[in-house]
Amino acid sequence: MSLPPDDVSPHIARRKRLQDYMHSLGGGIALLPAARPAMRNRDADYPYRQDSDFLYLTGFPEPDAWLVLIAGKDDRAILFCRNKDETRELWEGVRLGPDAAVARLGFDEAYGIERLDELLPGLLLDRPTLFARLLQDERVDQTVRRALEGARQQGRSGQRPPASQHDPLPFLAEMRLIKDPTEIATMRRAAKISAGAHARAMRHTRPGMREYEIEAELLYEFRRHGAQSVAYNAIVAAGPNACILHYPAGDAELRDGQLLLIDAGCEVDGYAADITRTFPVNGRYSGPQRLLYDLTVAAQDAARQATRPGVSWNDSHEAAVRVLAQGLIDAGLLQGSLDGVLESKAYNRFYMHRTGHWLGLDVHDVGDYRDPGAPSGVDRPWRLLEKGMVLTIEPGLYVRPAEDVPEAYWNIGIRTEDDALVTDEGCELITRAVPADAQEIEALMRE
């Protein structure tokens with residue numbers, strides 16, 4: 001289990017910003033639970049991972065906790081968490097405890113989690129609005145229902161429980177979309193570690209190895225540099241497996257003449273990196289492989305140039321698609337004019353996903369891709385990029401065997417993905433410590 005952060009000022013500022021938002025809607029009380037442990041099999045849990053919104057607001061890594069934020073005449077931030085327990089800590093690890101939570105994490109108050117049902121009804125009284133996400137987790141709903149019923153029973157002298165309910169998560173998503181300096185520094189570290197792991201995989205790959213052996217090299221590099229976890233299950237796909245978009249690392253043999261596609265990133269203090277590279281198992285691209293690889297890199301560069309403040313989220317995708325479509329026509333994989341291929345979306349046969357997604361505490365991070373201020377509907381415009389957003393840029397090509405496809409291109413799957421930080425005038429690819437240029441990759445593999 002990771003430790004609370006040394007600097008909790010960003011978390012305090014985020015809680016204050018959420019309270020200000022609650023004030024703008026008349027005030028109230030917000031309830032946010034920690035993630036629950038998940039059982040893997042008998043007497044063994046999956047590694048615990050804190051809920052992203054809870055971690056964003058608290059920095060608290062432990063389970064069995066609730067955050068209570070009050071926005072009213074008496075603004076308060078309250079944490080309910082597990083008490084210190086020498087016996088349980090002997091088995092499960094050291095707990096922070098309520099007293100240390102106040103001192104270490106900047107809460108106004110903290111109590112043992114066993115007091116939640118006792119104290120929450122009183123905290124709900126005289127709060128106009130309940131800010132909570134309901135109907136997602138039955139145990140959370142039961143806790144809230146018990147508290148509301150208790151508040152109704154305690155109500156006196158005109159005090160009442162909240163009369164309305166509001167979901168705070170859309171506002172939190174907008175907050176999380178713009179990264180602060182602390183978040184950016186953490187994401188740079190995750191990007192550096194992940195890039196080093198990809199470079200290690202390139203150096204170690206040889207014909208005759210298995211996909212899982214390369215995955216082991218990635219995991220080793222992640223952990224030896226301090227990453228707490230993978231950000232997602234790695235894709236390590238050799239040859240035709242690279243044409244399966246979410247193929248997990250399996251036991252297929254890496255064969256001479258094949259490409260190896262690796263989509264992998266680590267997680268540091270909750271923040272994800274997400275990198276994809278595709279390289280030749282034997283260290284040298286064939287002619288058809290190099291043609292499609294260079295095309296994918298060119299598409300990524302076009303998307304990068306279209307990623308800057310004030311432009312539409314979709315502009316980078318359209319820029320990448322235009323380059324890929326023309327390249328597929330030039331290679332003889334598609335027929336017709338560029339405008340015709342774009343209009344018919346004939347390129348979808350070889351490029352069926354979008355060019356990027358938000359990145360942060362979640363590998364597919366929160367935040368609306370459409371203009372949040374526009375009326376809802378299918379024609380709602382794409383949102384404009386802003387400084388501090390982080391997104392992936394990841395064009396790809398996936399060519400499966402078919403009668404109308406030259407055999408030289410069969411089973412070539414390629415994706416090139418980097419993490420882009422939107423800056424004042426453009427964007428910075430923070431994952432380029434591992435090369436994407438074909439010649440540079442071949443030189444790295446010769447090492």
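At 41% relative accessibility, Asp269 counts as partly exposed in this predicted model. Asp269 sits in the loop between S12 and S13, and its backbone does something a little out of the ordinary: phi is near 50 degrees, a positive value in a residue that is not glycine. Most residues other than glycine have a negative phi. Asp43 is another residue with this feature, with a positive phi of about 65 degrees even though Asp43 is not a glycine either. Asp43 also belongs to a loop, this time between strand S2 (39-41) and strand S3 (44-45). With a relative accessible area of 76%, Asp43 is exposed, because the cut-off for that label is over 50%.

Back at the loop that holds Asp269, what do the strands on either side of it do? Strand S12 (residues 266-268) and S13 pair up in the antiparallel sense, over two bridges. Within this stretch, Glu267 stands opposite Ala272 in S13. The pair is part of an open sheet of three strands, with the order S9-S12-S13 and antiparallel pairing. Strand S9 (229-230) and strand S13 (271-272) are at the edges and have a single partner strand each, so one side of each has no neighbour in the sheet. A helix comes into the picture here too: H8 (residues 181-204) lies across S12 and S13 and runs at about 145 degrees to S12.

Moving on to another helix, H10 covers residues 287-305, which is 19 residues. From first C-alpha to last, H10 reaches 27 Å, close to the 27 Å expected at 1.5 Å a residue. Which residues of H10 are buried? They are Gln289, Leu292, Tyr293, Leu295, Thr296, Ala299, Gln300, Ala302 and Ala303.

H10 also has a packing partner. Two packed helices are described by the angle between their axes and the distance between those axes. For H10 and helix H13 (residues 438-446), the angle is about 120 degrees and the axes are 10 Å apart. That angle makes H10 oblique to H13. On the H10 side, the contact is made by Arg290, Tyr293 and Asp294, while H13 brings in Ala438, Gln439 and Ile441. By type, the residues of this contact split into three nonpolar, one polar and two charged. Tyr293 turns up twice in this account, as one of the buried residues of H10 and as one of the residues in the contact with H13.

Methods:
Residues are numbered from 1 along each chain as its sequence is written. This is a predicted model: local features need pLDDT of at least 70, side-chain atom pairs count only at pLDDT 80 or more; totals for chains, interfaces and linings use all residues. Side-chain values use heavy atoms; hydrogens and water are left out. Helices (H or I, at least four residues) and strands (E, at least two) are DSSP runs, numbered from the N terminus. The expected span of a helix is 1.5 Å times one less than its number of residues. Buried means under 20% relative accessible area, exposed over 50%, partly exposed in between (1.4 Å probe, protein chains only). Axes are lines fitted to C-alpha atoms, for helices over the stretch in contact, and angles run from 0 to 180 degrees between N-to-C directions. Angles under 35 degrees count as roughly parallel, over 145 as roughly antiparallel, 65 to 115 as roughly perpendicular and the rest as oblique. Contact means heavy atoms within 4.5 Å. Ala, Val, Leu, Ile, Met, Phe, Trp, Tyr, Cys and Pro count as nonpolar, Asp, Glu, Lys and Arg as charged, and the others, Gly among them, as polar. Two strands pair if DSSP finds at least two bridges between them.
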